[in-house]
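Trainee: I've never looked at this one before. Could you walk me through how to read it?

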Amino acid sequence: MSKKVLVTGADGFTGRYLVRRLAAAGHEVHGLVHHSPTMPVEGATSVLQADLRDAEGLARMAKAMQPQWVAHLAAIAFVAHGDADAMYATNLVGTRHLLEALVSCGTLPEAVLLASSANVYGNSTEGSLDESSDPAPANDYAVSKLAMEYLARLYASRLPLIVTRPFNYTGVGQSESFLLPKIISHVRRRAALIELGNLHVARDFSDVRMVVEAYARLLQTPAATGGTFNVCSGRAYTLQEVLDMVKRLSGHPFEVRVNPAFVRSNEVTVLLGDRRRLDECIGPLEPIALQDTLDWMLRAP
């Protein structure tokens, strides 16, 4: 059955993919954006401009729309973002404004997905992390996301909340401020040299298309309500393995230089997610190999 869906951050990297995924399934998708998008949001029935810090504006929007599903993706998502005040205002206070708007909009939504982050686990725990792992946020972004999770608990009796903790994921259209798009961009420009940090750390990388498939299924699964879910591949690759894949796929033999300024002290060697809880709730997801994701990014127009 078609649902009226509100996707915040609809013009962002993940938002654009989720809007298309939900629209393709026959849902009526409305996007919420901070600034007027420079490109159309494909699949959106409408795109509304609003500021999460504007509580009254959000309340008016929610009352007029009365969405059945909500996917809250809007956030300042770059860990190294320089304005901590803006990060907390958007990620924490903005989320509170949205939840207040949904509580008072007239008809309560059937599902509200809040995108948190695996960054809440921090960098101190080695190996595979499940949802019971102790949080240990190590930067303002992670703190803002963990605080958002605690805030959400105040609304758990009034709204059908679902919290996701995505690990690293990538795909066509992600900003080059993130690691894998940075590497892909260097190769597409046929650059002779790239400077990186520790090549031996291993991380869990997923494809954005798998992530939005998980989000879409969680929204339509009543048993997901009240749950917190890792969204991840469950497989870790070292940066050196990623570089070897890119070289093999591209045929471009670029030089890699380790820049000491990019090497973090006491960095955890292996960090990956356990997604058994997610699979038990929504069923197994079709795997997308990292090599296929990298090839897609290399071949993109």
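Trainee: Let's start with H6: is it mostly covered or mostly open?

Mentor: First, some ground rules. This is a predicted model, where local features need pLDDT of at least 70, side-chain atom pairs count only at pLDDT 80 or more, and totals for chains, interfaces and linings use all residues. Residues are numbered from 1 along each chain as its sequence is written, and side-chain values use heavy atoms, with hydrogens and water left out. Helices (H or I, at least four residues) and strands (E, at least two) are DSSP runs, numbered from the N terminus. Buried means under 20% relative accessible area, exposed over 50%, and partly exposed in between, using a 1.4 Å probe and protein chains only. On that scale H6 is mostly covered, with 10 of its 12 residues buried. Among them are Val-208, Met-210, Tyr-215 and Leu-219.

Trainee: How many Å should H6 span, and what are its end C-alpha atoms doing?

Mentor: The expected span of a helix is 1.5 Å times one less than its number of residues. For the 12 residues of H6 that gives 16 Å, and the end C-alpha atoms are 17 Å apart, which agrees.

Trainee: Can we zoom in on one residue? Why does Val-212 count as buried?

Mentor: Because its relative accessibility is 4%. Val-212 lies in helix H6, residues 208–219. Contact means heavy atoms within 4.5 Å. Setting aside neighbours within four places in sequence, Val-212 is in contact with Thr-14, Tyr-17, Leu-18 and Arg-21.

Trainee: And what does Arg-217 contact, leaving aside neighbours within four places in sequence?

Mentor: Arg-217 is in contact with Ile-282, Gly-283, Pro-284 and Leu-285. Arg-217 is found in helix H6 too, and it counts as buried because its relative accessibility is 18%.

Trainee: Which residues have the most contacts inside the largest nonpolar core?

Mentor: A nonpolar core is a set of buried Ala, Val, Leu, Ile, Met, Phe, Trp, Tyr and Cys residues joined through side-chain atoms within 4.5 Å. The largest one here has 35 residues, and Val-7, Leu-18, Leu-22, Tyr-215, Leu-218 and Leu-278 have the most contacts inside it. H6 gives the largest share of this core, nine residues. Apart from it lies another core, of 22 residues, including Ala-74 and Met-148.

Trainee: Now for empty space. How much of it lies in the second largest pocket?

Mentor: Rolling a probe the size of a water molecule over the atoms shows where empty space is left. On a 1 Å grid over the protein atoms alone, a pocket is an open set of points where a 1.4 Å probe fits, with protein on both sides within 12 Å along at least five of seven lines; lining residues have an atom within 4 Å of a point. The second largest pocket holds about 330 Å³. Of the 18 residues lining that pocket, Glu-149, Arg-153, Val-163, Gly-226 and Thr-228 are the closest to its centre. H4 supplies the largest share of the lining, five residues.

Trainee: Last one: where does Gln-66 lie?

Mentor: Gln-66 lies in the loop between helix H2 (55–65) and S4. Its phi is positive, about 50 degrees, although Gln-66 is not a glycine. Arg-190 likewise has a positive phi, near 60 degrees, and its place is the loop between helix H5 (179–188) and strand S9 (193–196). With 48% relative accessibility, Arg-190 counts as partly exposed.

Conventions
Grid points are joined across faces, edges and corners, and a volume is the space filled by probe spheres set on the points.
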